[in-house]
Amino acid sequence: MLIRKPTDLRYSDVTPKEQYLNRRRFLAAGSAALGSLALPRSARATMKLNGVTKGPFGTTEKQTSLEDITHYNNYYEFGTDKEEPAKYANTLRTSPWTIEVGGLVDKPKTFDVDAIMKMAPLEERIYRHRCVERWSIVVPWIGFPLSALLKQVEPNSKAKYVAFQTLYDPKQMPRGKYAGIQLPYVEGLRMDEAMHPLALLTFGLYGETLPNQNGAPIRMVIPWKYGFKSVKSIVKITLVEKQPPTTWNISAANEYGFYSNVNPEVDHPRWSQATERRLGELFMRKTVKFNGYGDQVASLYTGMDLRKNY
């Protein structure tokens, strides 16, 4: 996703991430007490998640700091600058929270998020996460495979895709009117992608429930795809027969395809995707196809032209 800026502004012209993050740390240290007083009573504070086990597929790479993960975010409903979601997302009310799951299923149901969290054992998976803007993070996400939820509603044979819809409430998200994209945010996966064990229905990070700016109380994490596919604050999941619309594809189809697999061989129209910068590091590193998860997911795309199906 690209924050709106003059057409002649390059990414190299933007304030370096390390300078920005250091400034955020300084400001946070001086305002932590005031910030805690500003939280509305209806917002659910982060809390420790118990009974979490180490899950499969995790990387052993150095994890990105909690400060960086929670203060450098894309969440356009709370602002288009990276620091704005942490500043403004305290207006999001995350309890009570329900998700409607239906469409081409035999047992449609509306679930309470607390009930969903008890469907399967919670796992911590240390996943790489790659943003289309060429920055990346390594996060200890907590959740379980999306397939555990989908099996509860018994998809029928016509279900070929899974469509997601996020919350959009202008009262809670007044800055959404400046987002420059169509809201509510919608996303989608092919059925076999959604059922893949790497596709994580996520409730927390770093041992605690998700902070609001990171997609509380429930989001997707799809580590082999660019970050905008990992939809936040989900309220509706619908199984459908035809490929569903997705927000960034609606906004700029030539830049954001339906599949959006991490692929250094397919450039964004305005910049190369061959390299990335990990938050907390100074130098660029080479981007790896499927974000390094090719052994697990490459077979999903056998015979497909991934330049055409970007």
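1. Two strands count as paired if DSSP finds at least two bridges between them. In this predicted model, β2 and β3 form a hairpin, with 5 residues between the two strands. Strand β2 covers residues 98-103, and its pairing with β3 is antiparallel, over 4 bridges. Isoleucine 99 has phenylalanine 111 of β3 as its bridge partner. Valine 101 is matched with lysine 109, also in β3.

2. Strand β2 has a further partner, β11 (residues 234-240), and here the pairing is parallel, again over 4 bridges. One of the links is between glutamate 100 and lysine 236 of β11. A student tracing β2 in the structure can therefore look for an antiparallel partner in β3 and a parallel partner in β11.

3. These strands belong to an open sheet of 5 strands, in the order β3-β2-β11-β6-β7, and the pairing in the sheet is mixed. Which strands stand at the edges of the sheet? They are β3 (109-112) and β7 (186-190); each has a single partner strand, so one side of each has no neighbour in the sheet. On average, neighbouring strands of the sheet are turned by 20° against each other, with direction ignored.

4. Threonine 166 lies in strand β6, which runs over residues 161-166. Is threonine 166 buried or exposed? Its relative accessible area is 3%, and buried means under 20%, so threonine 166 is buried. Leaving out residues up to four places away in sequence, threonine 166 touches Glu77, Pro184, Tyr185, Val231, Lys232, Ser233, Ile234 and Val235.

5. Helix α5 takes in residues 146-153, and 6 of its 8 residues are buried, so the helix is largely enclosed by the rest of the structure. The buried residues are Leu146, Ser147, Ala148, Leu149, Leu150 and Val153. Just after α5 comes glutamate 154, which has a positive phi of about 55°.

6. The next topic is the empty space inside the model. Rolling a probe the size of a water molecule over the atoms shows where such space is left. There are 3 cavities of 30 Å³ or more in the structure. The largest cavity holds about 180 Å³ of space. It is lined by 17 residues, and those closest to its centre are Asn74, His129, Trp135, Arg219 and Lys232.

7. What does the chain contribute to the lining of the largest cavity? Strands β4 (123-130) and β5 (135-145) each supply at least two residues. The most comes from β5, with 3 residues. By class, the lining residues of this cavity are 8 nonpolar, 6 polar and 3 charged.

8. The second largest cavity has about 120 Å³ of space. Its lining has 13 residues, of which Asn74, Tyr75, Glu77, Tyr185 and Lys232 are the closest to its centre. The lining divides into 7 nonpolar, 4 polar and 2 charged residues. Glu77, Tyr185 and Lys232 also appear among the residues that threonine 166 touches.

9. Some totals for the chain complete the note. The secondary structure comes to 8 helices and 13 strands. Of the 310 residues in the chain, 52% are buried. Among contacts with a separation of 6 or more, 74% are between residues 24 or more positions apart.

Terms used:
Residues are numbered from 1 along each chain as its sequence is written. This is a predicted model: local features need pLDDT of at least 70, side-chain atom pairs count only at pLDDT 80 or more; totals for chains, interfaces and linings use all residues. Side-chain values use heavy atoms; hydrogens and water are left out. Buried means under 20% relative accessible area, exposed over 50%, partly exposed in between (1.4 Å probe, protein chains only). Contact means heavy atoms within 4.5 Å. Axes are lines fitted to C-alpha atoms, for helices over the stretch in contact, and angles run from 0 to 180 degrees between N-to-C directions. On a 1 Å grid over the protein atoms alone, a cavity is a set of points where a 1.4 Å probe fits but cannot get out, and a pocket is an open set with protein on both sides within 12 Å along at least five of seven lines; lining residues have an atom within 4 Å of a point. Grid points are joined across faces, edges and corners, and a volume is the space filled by probe spheres set on the points. Ala, Val, Leu, Ile, Met, Phe, Trp, Tyr, Cys and Pro count as nonpolar, Asp, Glu, Lys and Arg as charged, and the others, Gly among them, as polar.
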